[in-house]
Amino acid sequence: MKVRQITPPITSMPIVEEESAIVDVLKILRTRHHVWVVRSRESMELTGVIRYLDVVDILLPPTRQRARLGSISSMLKSIMAGAEKARDIMERNVLTVEEEATVLEALEKMKRYRVAILAITDERGKLKGEISLRLLINEFIRLMRVGGAQWTQRGSSSRLESP
């Protein structure tokens with residue numbers, strides 16, 4: 001099964017442009033765990049991601065101690081250090097899978113990098129969707145129900161039972 005077959009519509013994804021104000025990012029992060037950053041809505045070129053936990057760096061004032069420890073990038077992401085736009089606070093190294101990747105390939109990448117969500121892109125880096133561990137769990141449960149099998153748990157072991 002290809003990841004593009006089970007990804008939600010792109011219109012339901014949390015997306016901002018690089019030039020979006022930080023307050024717009026924070027509004028989205030009140031209810032989501034991440035925000036994808038694109039160069040523009042027209043191009044949909046994926047340029048970064050901002051995760052829920054990144055808000056700590058955004059809200060904390062920069063300190064000299066952090067600068068001495070080599071955390072310059074975190075320090076510069078602070079609002080008090082002058083960050084104003086999504087591009088100022090985004091993580092530029094985004095983990096992606098191509099839209100033709102299989103679910104197995106996505107799971108392997110999630111395991112390898114210990115992440116729960118990946119951006120789906122085309123060969124030009126255009127954001128096409130997202131695949132999350134939560135979505136894969138839901139799809140697994142749906143397939144189990146369709147196939148007539150039920151997952152049961154007894155004691156410390158789990159097993160699959162067919163009716």
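1. On helix H6 (residues 103-113), Leu104, Lys111 and Arg112 are exposed, lying on the other side from the buried residues; exposed means over 50% relative accessible area, buried under 20%, with a 1.4 Å probe and protein chains only. Helices here are DSSP runs of H or I with at least four residues, and strands are runs of E with at least two, numbered from the N terminus. This is a predicted model, in which local features need pLDDT of at least 70 and side-chain atom pairs count only at pLDDT 80 or more, while totals for chains, interfaces and linings use all residues. Residues are numbered from 1 along each chain as its sequence is written, and side-chain values use heavy atoms, with hydrogens and water left out.

2. The buried residues of H6 are Val103, Ala106 and Met110. They lie on the same side of H6 because they cover an arc of only 60° around the axis, taken from the directions from the helix axis to the C-beta atoms. These buried residues pack against strands E4 (96-98), E5 (117-121) and E6 (127-132) and against helix H7 (133-146), where contact means heavy atoms within 4.5 Å.

3. In helix H1 (residues 22-29), Ile22, Val25 and Leu29 are buried, and they sit on the same side of H1, since their arc around the axis is only 60°.

4. The largest nonpolar core, meaning a set of buried Ala, Val, Leu, Ile, Met, Phe, Trp, Tyr and Cys residues joined through side-chain atoms within 4.5 Å, has 13 residues, with Val25 and Leu29 among those that touch the most other members. H1 gives the most to this core, with three residues.
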